[in-house]
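Biologist: Please take one part of this model and describe it closely, then work outwards to what lies around it. I am new to this, so give the cut-offs of each term as you go.

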Amino acid sequence: MQNNYQKQYENYVIRFEKQLKIALANLSNTPQYLREAMEYAVCDGGKRVRPVLCYATADMLGVQLEKVDAFAVALELIHSYSLVHDDLPCMDNDDYRRGKLSTHKKFGEAFGVLAGDGLLNFAFEHVLSKKTFTNEDAKALKFLSYCSGSSGMIGGQTLDLINEKSDKVSEEVLYEIYINKTSKLLIAPIIIASIFSGKDYSDKLGEFGLNLGVMFQISDDFMDAKGDKSNIGKTPGKDEIQDKLTSIKVFGFDGALSRLQYHFDKCLNILKEFENNEFLLEFTKKMFERTK
Ligand code: GRG
């Protein structure tokens with residue numbers, strides 16, 4: 001499975017990069033400097049986890065990949081915008097992202113803001129430009145707006161900022177932050193793909209995405225604590241230096257590790273209820289193992 005998995009992951013990424021290139025070629029009337037900043041932020045870097053999740057879920061459920069191509073692109077555009085804004089001095093203030101200078105460091109702060117704004121808007125323009133726009137597309141786009149907006153990722157980032165200086169943050173609040181800031185944009189690709197299957201898998205797959213997202217964020221906390229710049233692509237150890245709100249801070253090292261295991265087990269149990277689950281099982285294992 002190992003080699004098949006890697007090959008399949010690469011195939012999804014190749015497909016995604018092709019779709020991204022086509023999409024970006026349609027960016028019209030965008031000032032050259034802004035366009036360069038947007039392309040810098042979204043091209044050449046990142047694991048492409050959200051597009052891969054979207055394609056893999058589509059494959060698992062027998063959905064034609066063509067149907068989700070535009071969403072795979074939109075998801076990565078939105079994710080990339082969130083990283084650009086997260087790196088700004090008024091947010092996390094990071095000079096490096098994806099192994100290179102963060103967008104505002106390269107293009108200036110104002111253009112970091114504008115490149116993020118441009119990517120976000122272009123994500124919706126791109127999906128709305130699908131040649132045939134079906135009811136499923138509308139439903140999927142509505143879900144994407146919900147997951148990335150103030151009831152999802154932006155809301156989660158808000159709660160994170162509000163609580164980050166607090167001495168004592170409850171388990172409930174930390175989970176609310178992680179579910180919104182991280183899980184929602186991982187639930188989105190899974191549910192979007194499932195919308196095109198014609199069947200309602202939202203309960204089970206929503207639960208899978210939620211647990212995957214929390215697991216992903218806890219493992220990200222471990223990687224910040226233990227990683228080096230070459231493998232995480234950004235400045236390591238910042239969470240502790242900046243006294244950030246993380247699972248390690250709230251639960252301690254062992255507590256965070258046991259929660260990681262708990263969410264991993266939950267993911268596997270849900271996936272086992274599906275046929276053709278091999279890729280997603282391996283994907284989940286890889287996410288879990290990257291912590292070690
Ligand atoms: C600024 C609106 C706004 C939101 C920011 C995404 C985010 C919310 C903050 C970034 C910091 C962070 C820890 C986010 C949680 C999600 C996460 C682990 C992002 C990193 O995603 P990867 O690992 O990154 O998929 P690559 O670079 O591989 O795409």
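Modeller: Asp-44 sits in the loop between helix 2 and helix 3 (49-61). Helices here are DSSP runs of H or I with at least four residues, strands are E runs of at least two, and both are numbered from the N terminus. The model is predicted, so local features need pLDDT of at least 70 and side-chain atom pairs 80 or more, while totals for chains, interfaces and linings use all residues. Residues are numbered from 1 along each chain as its sequence is written, and side-chain values use heavy atoms, without hydrogens or water.

Asp-44 comes after helix 2. Its phi is positive, about 55°, although Asp-44 is not a glycine. Asp-44 counts as exposed because its relative accessibility is 63%. Exposed means over 50% relative accessible area, buried means under 20%, and partly exposed is in between, with a 1.4 Å probe and protein chains only.

Arg-48 belongs to the loop between helix 2 and helix 3 as well. Arg-48 is not a glycine either, and has a positive phi near 60°. With a relative accessibility of 2%, however, Arg-48 counts as buried. The loop therefore holds an exposed residue, Asp-44, and a buried one, Arg-48, each with positive phi.

On one side of this loop is helix 2, which covers residues 32-42. Its buried residues are Leu-34, Arg-35, Ala-37, Met-38, Tyr-40, Ala-41 and Val-42. An α-helix has 3.6 residues a turn, so residues three or four places apart point the same way.

Two of these buried residues of helix 2, Tyr-40 and Ala-41, also appear in the lining of the largest cavity. On a 1 Å grid over the protein atoms alone, a cavity is a set of points where a 1.4 Å probe fits but cannot get out; a pocket is an open set with protein on both sides within 12 Å along at least five of seven lines, and lining residues have an atom within 4 Å of a point. Grid points are joined across faces, edges and corners, and the volume is the space filled by probe spheres set on the points. The structure has 1 cavity of 30 Å³ or more. The largest cavity holds about 80 Å³ of space. Its lining also includes Ser-80, Leu-83, Val-84, Asp-87, Arg-97 and Arg-98. Helix 2, helix 4 and strand 2 (100-101) are the elements that give two or more residues to this lining. Helix 4 gives the most, with 3 residues. By class, the lining of the largest cavity has 5 nonpolar, 3 polar and 4 charged residues. Here Ala, Val, Leu, Ile, Met, Phe, Trp, Tyr, Cys and Pro are nonpolar, Asp, Glu, Lys and Arg are charged, and the others, Gly among them, are polar.

Arg-98, from the cavity lining, is also among the residues that come nearest to the ligand. There are 16 residues around the ligand, and Lys-47, Arg-50, His-79 and Gln-217 are the others that come nearest; a residue counts if one of its heavy atoms lies within 4 Å. An oxygen atom of the ligand lies 2.6 Å from an N or O atom in the side chain of Lys-47. For the side chain of Arg-50 the corresponding distance is 2.8 Å, and for that of Arg-98 it is 2.8 Å. The protein covers 92% of the 700 Å² of accessible area that the ligand has on its own, with areas taken from the Shrake-Rupley method and a 1.4 Å probe.

Helix 4, helix 8 (153-163), helix 9 (171-195) and helix 10 (202-226) each supply at least two residues of the shell around the ligand. Helix 4 gives the most to this shell, with 5 residues. The shell is made up of 3 nonpolar, 7 polar and 6 charged residues.

Beyond helix 4, Leu-88 lies in the loop that leads to strand 1 (96-97). Leu-88 counts as buried because its relative accessibility is 4%. The C-alpha atoms of Leu-88 and Gly-112 are separated by 7.3 Å, with their positions 24 residues apart along the chain.

Technical notes
Polar contact = N/O pair within 3.5 Å; in protein donor to acceptor, adjacent residues only side chain to side chain.
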